[in-house]
Amino acid sequence: SKWKVQRTLKSIEGDLGQARLMWGLLGGPDERAFTSKLTEVYDVDFLKAPQGLEGSTYTYDGQQLGSAILDRRSELASRLHIRPDDITWTDLGTIQYSKPPNNEQVSLTAVKRKSEPISEEGFGSDEIFRVSSSAGGIFGGASVYRAARLRRRFRRGFDESTGRRVLDGIE
């Protein structure tokens, strides 16, 4: 199902320069949203979790239901304003894309992933990525590998003004 995300940066833990770099490589399109704490708005899809993934099913009101996972391709396409077809997903769980505006080649590989099943308190994920991108500067032709940990937690709620279903999130 499609959802609209409104993301506002509230705080940063760790090295500001490395956080800014990884934020951009994970889809952050406009540095102003990172440095000036402007609200970034984009669309995401949630997909049915694959069978066998830890936490892919849960019990609600006595019924066995399937969990949802974030569609990383739709998130990157929406955040970077590129076509989903321009994002490649390999059999090994690696996502590859060209980051605008200079078409820098980026590769994201999930090396560890844990899903938190849906409960009354919400749901979430904890992922560690290996990120390959250009070294930049005079070493622009060389690739650099970095690691990033991305923890997300969502909880269901309602918009107070419209009564519509919303997801509150922390990352």
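This short talk walks through two sheets, two helices and the charged residues between them in one protein structure.

Before I begin, please keep in mind that this is a predicted model, in which local features need pLDDT of at least 70 and side-chain atom pairs count only at pLDDT 80 or more, while totals for chains, interfaces and linings use all residues. Residues are numbered from 1 along each chain as its sequence is written, and side-chain values use heavy atoms, with hydrogens and water left out.

Let me start with the sheets. When I say helix or strand, I mean a DSSP run, H or I of at least four residues for a helix and E of at least two for a strand, numbered from the N terminus; two strands pair if DSSP finds at least two bridges between them. As general background, strands of a sheet pair through backbone hydrogen bonds, either parallel or antiparallel.

One open sheet has six strands in the order β6-β7-β8-β9-β10-β11, and the pairing is antiparallel. Strands β6 (88–89) and β11 (165–170) stand at its edges with a single partner strand each, so one side of each has no neighbour in the sheet. Within this sheet, β7, which covers residues 94–99, pairs with β8 over six bridges in the antiparallel sense, and I95 stands opposite L108 in β8. Further along, β10 and β11 are also antiparallel and joined by six bridges, with V166 in β11 as the bridge partner of G157. The hairpin of β10 and β11 has six residues between the strands, and there G163 takes a positive phi near 80°.

The other open sheet that I want to show has three strands in the order β1-β2-β5, again with antiparallel pairing. Here β1 (2–7) and β5 (68–70) are the edge strands, each with a single partner, so one side of each is left without a neighbour in the sheet. From one strand to the next, the twist averages 40°; for this and the other angles, axes are lines fitted to C-alpha atoms, for helices over the stretch in contact, and angles run from 0 to 180 degrees between N-to-C directions. Three bridges join β2 to β5, and L47 stands opposite I69 in β5.

How do the helices lie on these strands? Contact here means heavy atoms within 4.5 Å. Helix α3, residues 72–80, lies across β6, β7, β8, β9 and β10 at about 10° to β7, and α3 also lies across β1, β2 and β5, running at about 165° to β2. Helix α1 lies across β7, β8, β9 (122–134) and β10 (143–158), at about 75° to β10. At the N-terminal end of α1, D15 acts as a cap, with a side-chain oxygen 3.1 Å from the backbone nitrogen of G17.

Now to the charges, where a salt bridge is a side-chain nitrogen of Lys or Arg within 4 Å of a carboxyl oxygen of Asp or Glu, and buried means under 20% relative accessible area, exposed over 50% and partly exposed in between, with a 1.4 Å probe and protein chains only. How many salt bridges does a search of the whole structure find? The search finds ten.

One of them joins E40 and R79, at 2.8 Å from N to O; E40 is in strand β2 (residues 40–48) and R79 in helix α3, 39 residues apart, and both residues are buried. Another joins R72 and E127 at 2.4 Å, N to O, and because R72 lies in α3 and E127 in β9, this pair ties together parts 55 residues apart in sequence. R72 counts as buried at 7% relative accessibility, and E127 is buried at 6%. R152 and E75 also form a salt bridge, with their closest N and O atoms 2.6 Å apart; R152 is in β10 and E75 in α3, so parts 77 residues apart are tied together. R7, R72, E75, R113, E127 and R152 are linked in a network of salt bridges.

Finally, consider E104, which lies in strand β8 (residues 104–119). E104 is buried yet has no salt bridge, the nearest side chain of opposite charge being R146 at 6.0 Å; for charge, Lys and Arg count as positive and Asp and Glu as negative, while His and the chain ends are not counted. A polar atom of the E104 side chain does lie 3.1 Å from the backbone nitrogen of S134.

Key. A polar contact is a pair of N or O atoms within 3.5 Å; within protein, one must be able to donate a hydrogen and the other to accept it, and residues adjacent in sequence count only if both atoms are side-chain atoms.
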